[in-house]
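Got the model open and a selection tool ready? Then let's take a walk through some helix contacts and a couple of empty spaces.

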Amino acid sequence: MTTPVFSQLKKEFIFSQHLQRSVELSMLITEPMEVKTSRPWSVILVFDGQDFPALHASQATHSLASRLSKNCLLVGIHANENRIYEYGVAAQADYANRGDRASQTTQFVLNELIVYLKSKFPLSSNRADWSIGGFSLSGLMALDIAWNHPDYFSKAGVFSGSFWWRQKALDHGYEDSDRIMHALIRSTKQIPDSSFWFQVGTQDEEDDRDGDGVIDSIADTLDLIAEIERKGYQWGKNVQYLEVKNGVHAPSTWATVFPDFLHWTQEAIE
């Protein structure tokens, strides 16, 4: 069998009725150089696709392509100036009403984007072949979709997730129980056969609201993982955690581990 390679497709646009705007997509696809495989393709959806150049997404996919035996579609979903409103937790905006359009983003992905992609490519109908990921606030969005819609996605990857997302400001009586995603996971049932990948940098931020010597981004992520583990998931099995020493809250750090995330999405498939 010939070795597949990733080739850059031209950027495409899809108009979303849910978001009431045109959404730009950047897509990379594995294609065998000579003989095309008939196996349905696996899919990786990634929010903040406008950062693909900074993430070196094209280069990252080459190492992945060399080990795949079937096509894989990587889709970058671009954000716009309404990013802080379109990304978040669908069920609840934060205390400043950020993320108040996250439910529309969810509906765009499930009812418009997936339908569009399936009309263009021979994509797998098996949820095991579908992954979703994001960065910072879009990482929160990716996890929210995967957790609440496990019939669509079996894997979620989060880079420096905004798990501080809260329903009460710090100076208005905030408690850790006010973190929205933690509460959502705590109140729902375990989802079947799903896997989660989390990355945080040791220099993601400097804030340490409880003064325990651990920055908030690490503490919030580890607390969220603890909530997931209480649902029956296991650290090192279906929950992966990667802490990047000196890693910052920016594509410069995320790019260094983006290939690891891509490989992880395909590990259980190949």
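Start by selecting Leu140, Leu143, Asp144, Trp147 and Asn148 in α5, then add Met181, Leu184 and Ile185 in α6: these are the residues where the two helices meet. Keep in mind as you click around that this is a predicted model. Now show the whole of helix α5, residues 137-148, alongside α6; the axes are 12 Å apart and the packing angle is about 10°. Angles under 35 degrees count as roughly parallel, so α5 and α6 are roughly parallel to each other. Colour this contact by residue class and you get six nonpolar, one polar and one charged.

Stay with α6, which covers residues 180-187, and bring in helix α7, residues 216-229. How do their axes run? They cross at roughly 10° and come within 9 Å, which makes α6 roughly parallel to α7. To see the contact, pick Met181, His182, Ile185 and Arg186 on the α6 side. On the α7 side, pick Asp220, Asp223, Leu224, Glu227 and Ile228. Colour by class again: the contact of α6 with α7 has four nonpolar, one polar and four charged residues. Notice that Met181 and Ile185 of α6 also turned up at the α5 contact.

Keep Asp220 selected, as it takes us to the next stop. The largest pocket has a volume of about 240 Å³. Its lining is made of 15 residues, and those closest to the pocket centre are Trp164, Glu205, Asp207, Asp216 and Asp220. So what classes of residue line this pocket? Seven are charged, five polar and three nonpolar.

Next, look for enclosed space. How many cavities of 30 Å³ or more does the structure hold? The count is one, and the largest cavity contains about 50 Å³ of space. Select Leu19, Arg21, Val23, Phe47, Ile77, His78, Glu86, Tyr87, Thr105 and Phe108 to light up its lining. Turn on the cartoon and find β3 (21-32) and α4 (102-120), each of which supplies at least two of those lining residues. By class, the lining of this cavity has six nonpolar, two polar and two charged residues.

For the last stop, show helix α2 (residues 57-65) with helix α8 (residues 251-267). Their axes lie 9 Å apart, and the helices pack at an angle of about 45°, so α2 and α8 are oblique to each other. Rotate the view until one helix sits over the other: the crossing is right-handed. For the contact itself, select Ala57, Ala60, Thr61, Ser63 and Leu64 of α2. Then add Phe258, Pro259, Leu262, His263 and Gln266 of α8. Which class is missing from this contact? There are no charged residues here; the contact has six nonpolar and four polar ones.

Notes:
Residues are numbered from 1 along each chain as its sequence is written. This is a predicted model: local features need pLDDT of at least 70, side-chain atom pairs count only at pLDDT 80 or more; totals for chains, interfaces and linings use all residues. Side-chain values use heavy atoms; hydrogens and water are left out. Axes are lines fitted to C-alpha atoms, for helices over the stretch in contact, and angles run from 0 to 180 degrees between N-to-C directions. Helices (H or I, at least four residues) and strands (E, at least two) are DSSP runs, numbered from the N terminus. Angles under 35 degrees count as roughly parallel, over 145 as roughly antiparallel, 65 to 115 as roughly perpendicular and the rest as oblique. A crossing is left-handed if the near helix is turned anticlockwise from the far one by less than a right angle, and right-handed if clockwise. Contact means heavy atoms within 4.5 Å. Ala, Val, Leu, Ile, Met, Phe, Trp, Tyr, Cys and Pro count as nonpolar, Asp, Glu, Lys and Arg as charged, and the others, Gly among them, as polar. On a 1 Å grid over the protein atoms alone, a cavity is a set of points where a 1.4 Å probe fits but cannot get out, and a pocket is an open set with protein on both sides within 12 Å along at least five of seven lines; lining residues have an atom within 4 Å of a point. Grid points are joined across faces, edges and corners, and a volume is the space filled by probe spheres set on the points.
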